[in-house]
Amino acid sequence: TSGPYVALYLWLFTFGLSIFMMTIYPVAIAPLFNKFDKLEEVTTASIVGSVGEAILPLKEAIETLAGRLSFPLKQLYVMDGSKRSGHSNAYMYGFFKNKRIVLYDTLCQQCEESEVVAVLAHELGHWKLSHTPFLFGVCASGL
């Protein structure tokens, strides 16, 4: 009674749900569990414990790197990842021309500016080489 296209319908539903979740997770779900501050609003006192100067050199270095790669950066955030782990990381998200980069506060605490930029260069390399859409397609085709 389900018809010969039930597998296709289920695949389309799962594919649509995946796209929907990738869209709402960073803006609706992740903020329930972590605090996200814009990079220009964060001071070095809250990241590395020095007297509160804005992190303009880091922000400018990241924007310069993104510009050299034609990455359509819209916003930079720092996430309070230290409340759950000492692991340092960074990630990017967003579709089309609405890309955002998130730095873990632990990355800013544990690394020099040039090391943070190197971590982001690695992440932006994934974007430049289209690893994310490729792997999403591979995973979706295996559903």
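Hi everyone, let me start in the middle of the protein. The largest nonpolar core has 18 residues, and the ones with the most contacts inside it are Leu39, Leu58, Ile62, Ile101, Leu103, Val116 and Leu120. Who supplies this core? At least two residues each come from α3 (56–68), β2, β4 (99–104), α4 (105–110) and α5. The most generous giver is α3, with 5 residues. There is also a second, separate core of 5 residues, and among its members are Met79, Tyr93, Val102 and Tyr104.

Before going on, please keep in mind that this is a predicted model. The average pLDDT of the protein chain is 83, and 87% of the residues score at least 70. There is one stretch to handle with care: over residues 44–52 the pLDDT is below 50, although the model gives this stretch 19 contacts beyond near neighbours in sequence. Where pLDDT is low, the predicted coordinates should not be read in detail.

Now the overall layout. We have 6 helices and 4 strands in the protein chain. Reading from the N terminus, the order is α-β-α-α-β-β-β-α-α-α. The chain has 143 residues, of which 28% count as buried. If you take contacts between residues at least 6 apart in sequence, 62% of them join residues at least 24 apart.

Let me go back to the core and pick out one residue, Ile101. Which residues does Ile101 touch, once neighbours within four places in sequence are left aside? The list is Ile62, Phe71, Leu73, Gln75, Leu76, Tyr77, Tyr91, Met92, Leu120 and Leu124. Two names there, Leu120 and Leu124, take us to helix α5, where both are buried.

So, on to α5. At 1.5 Å a residue, the 16 residues of this helix, 113–128, should span 22 Å, and the end C-alpha atoms are indeed 22 Å apart, so expectation and model agree. The buried residues of α5 are Val116, Val117, Leu120, Glu123 and Leu124. They cover an arc of only 120° around the axis, which puts them on the same side of the helix. For anyone who wants the helical-wheel argument: an α-helix has 3.6 residues a turn, so residues three or four places apart point the same way.

What about a residue of α5 that is not in that buried set? Take Ala118, which is also found in α5. Ala118 has a relative accessible area of 44%, so it is classed as partly exposed. Its C-alpha atom is separated by 9.7 Å from that of Ile62, and the two residues are 56 apart along the chain.

A quick look at what comes before and after α5. On the leading side, Glu112 lies in the loop between α4 and α5. With a relative accessible area of 56%, Glu112 is exposed. The C-alpha atoms of Glu112 and Leu58 are 9.5 Å apart, with their positions 54 residues apart along the chain. On the trailing side, Ser130 sits in the loop between α5 and α6 (131–141). Ser130 is partly exposed, at 40% relative accessible area.

Ser130 has another feature for the torsion-angle fans: its phi is near 60°, a positive value in a residue other than glycine. Ser70 does this too, with phi near 60°. Where is Ser70? In the loop between α3 and β2. Ser70 is exposed, with a relative accessible area of 56%. As background, most residues other than glycine have a negative phi.

Last stop: a pair of loops. Asn34 lies in the loop between α1 (6–33) and β1 (36–38), while Asp80 is in the loop between β2 (73–79) and β3 (90–93). What joins their side chains? A polar contact of 3.3 Å. Is Asn34 buried or exposed? Its relative accessibility is 15%, under the 20% cut-off, so Asn34 counts as buried.

The surroundings of the pair, not counting residues up to four places away in sequence, look like this. Asn34 touches Met79, Asp80, Gly81, Lys83 and Arg84. Asp80, for its part, touches Asn34, Lys35 and Asp105. Met79 on the Asn34 list may sound familiar, since Met79 is one of the residues of the second core.

That's my tour. Thanks for listening, and I'm happy to pull up any of these residues on the screen.

Technical notes:
Residues are numbered from 1 along each chain as its sequence is written. This is a predicted model: local features need pLDDT of at least 70, side-chain atom pairs count only at pLDDT 80 or more; totals for chains, interfaces and linings use all residues. Side-chain values use heavy atoms; hydrogens and water are left out. The expected span of a helix is 1.5 Å times one less than its number of residues. Buried means under 20% relative accessible area, exposed over 50%, partly exposed in between (1.4 Å probe, protein chains only). The arc is that of the directions from the helix axis to the C-beta atoms. pLDDT is the predictor's confidence in each residue, from 0 to 100. Contact means heavy atoms within 4.5 Å. A polar contact is a pair of N or O atoms within 3.5 Å; within protein, one must be able to donate a hydrogen and the other to accept it, and residues adjacent in sequence count only if both atoms are side-chain atoms. A nonpolar core is a set of buried Ala, Val, Leu, Ile, Met, Phe, Trp, Tyr and Cys residues joined through side-chain atoms within 4.5 Å.
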